[in-house]
Amino acid sequence: CETTEDYTVTNITNPAVGAATLGNTLQCGPVDLCFDLNSYENNHPSTEYFVDFGDGSPIETFGHEPPEEVCHTYNTSSCENSPPFYTFTITADNNCTPSTVTISPIQIYTPPIAAFTAPVNNCVSTAVPFTNTSFGGYNQGCNPNANWTWDFGDPALGAANESTLASPTHVYATAGTYTVTLSATNAGNPALSCGITEFQMDVCIETPPTPAFTLDDMTGCLP
């Protein structure tokens, strides 16, 4: 008896792959970053390509040939990572030794999110405390500091209507409802500031009650 089987044997080499950025990788998020893919043209058709954008998003897989460009939206800051940046990685694999190319650092900055608390009802001529509860925000070098600008909605007080303290107080001299605004920006390099966020709250200023009473009868008898 005789059995014949045919096998196709392909002699292939390690795959090649390259990547390049199309712009600055130090950006305010959310931001779309694109990466050029290259040097893969002569790879074997069995080659697969695995793209990891480094921010925890799902890995993207492509057959041969991959796209010439891949883009991704970075929504969150890299500054809370260790190290504080993202790394783009593309790996080409065809069952030989895989080839990997990385691009880093990809550093994504975000503005602080302005927020504060304060008593809703307050009295005239009493210091109203404003507690800054803003969060997040990173600038160049992952600087977490922020600049604060308060507008107490009380323009009659001139310069005293504003403050740059983190958690100031303000004294209102007149009863009424005032709209208080906190504006927050990144500290550090102004060119890399990620914009301004604002938070507003209305506070009610009231005059204190004046005690008063009347008597129905000004005279009376002892029991």
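This tour proceeds from one selection to the next and states what is found at each stop.

**Before starting**

The model is predicted: local features need pLDDT of at least 70, side-chain atom pairs count only at pLDDT 80 or more, and totals for chains, interfaces and linings use all residues. Residues are numbered from 1 along each chain as its sequence is written, and side-chain values use heavy atoms, with hydrogens and water left out.

**Stop 1: the open sheet**

Select β10, β17, β16, β13 and β14 in turn. These five strands form an open sheet in that order, with mixed pairing. β10 and β14 stand at the edges with a single partner strand each, so one side of each has no neighbour in the sheet. Strands here are DSSP runs of E with at least two residues, helices are runs of H or I with at least four, and both are numbered from the N terminus. Two strands count as paired if DSSP finds at least two bridges between them.

Next, select residues 176-186, which form β16, and residues 197-206, which form β17. The two strands pair in the antiparallel sense over nine bridges. Within this pairing, L182 stands opposite F199 of β17.

**Stop 2: strand β13**

Move to residues 146-151, which make up β13. Where do the side chains of A146, W148 and W150 point, and are they buried or not? They point to one face and are buried, while N147, T149 and D151 point to the other face and are not. Buried means under 20% relative accessible area, exposed means over 50%, and partly exposed lies in between (1.4 Å probe, protein chains only). In a regular strand the side chains alternate between the two faces of the sheet.

Now display the neighbours of β13. With β16, β13 pairs in the antiparallel sense over six bridges, and A184 in β16 is the bridge partner of W148. With β14 (residues 162-163), β13 is joined by two bridges, also in an antiparallel arrangement. In β14, S163 stands opposite W150.

**Stop 3: strands β3, β6 and β8**

Select β6, residues 69-74. Its side chains alternate as well: V70, H72 and Y74 point to one face and are buried, whereas E69, C71 and T73 point to the other and are not. Add β3, residues 31-38, which is joined to β6 by six bridges and runs antiparallel to it. D32 stands opposite T73 of β6.

From Y74, turn to I108. I108 is found in β8, residues 99-109, and it is buried, with a relative accessible area of 0%. How far apart are the C-alpha atoms of I108 and Y74? They are separated by 7.4 Å, although the two residues are 34 residues apart along the chain.

**Stop 4: a patch of negative charge**

Select E41, E65, E68 and E69, which gather in a patch of negative charge on the surface. Patch members have over 30% relative accessible area and no salt bridge; like charges are joined within 9 Å, and nonpolar side chains (Val, Leu, Ile, Met, Phe, Trp, Tyr) within 5 Å. A salt bridge is a side-chain nitrogen of Lys or Arg within 4 Å of a carboxyl oxygen of Asp or Glu.

E68 is found in the loop between β5 (60-62) and β6, and it is exposed at a relative accessible area of 61%. E65 is found in the loop between β5 and β6. A cis peptide bond joins H64 and E65, with omega about 0 degrees.

**Stop 5: further backbone features**

Select S82 and P83, which are joined by a cis peptide bond with omega about 0 degrees. P83 is found in the loop between β6 and β7 (86-93).

Two residues to select next are N95 and S125. N95 is not a glycine, yet it has a positive phi of about 75 degrees. N95 is in the loop between β7 and β8, exposed at a relative accessible area of 78%. S125, likewise not a glycine, has a positive phi of about 65 degrees. S125 has its place in the loop between β10 (121-123) and β11 (127-129) and counts as exposed at 55% relative accessibility. Most residues other than glycine have a negative phi, and most peptide bonds are trans.

**Stop 6: the loop between β16 and β17**

Finally, select G188, which lies in the loop between β16 and β17. G188 counts as partly exposed at 49% relative accessibility. Its C-alpha atom is separated by 7.0 Å from that of Q140, 48 residues apart along the chain.

C194 is found in the loop between β16 and β17, where it counts as buried at 15% relative accessibility. The C-alpha atoms of C194 and C28 are separated by 5.5 Å, and these residues are 166 residues apart along the chain.

Definitions and conventions
Areas by Shrake-Rupley, 256 points an atom, 1.4 Å probe, with all protein chains shown as cover. Lys, Arg positive; Asp, Glu negative; His and termini not counted. Charge placed at Lys NZ, Arg CZ, Asp CG, Glu CD.
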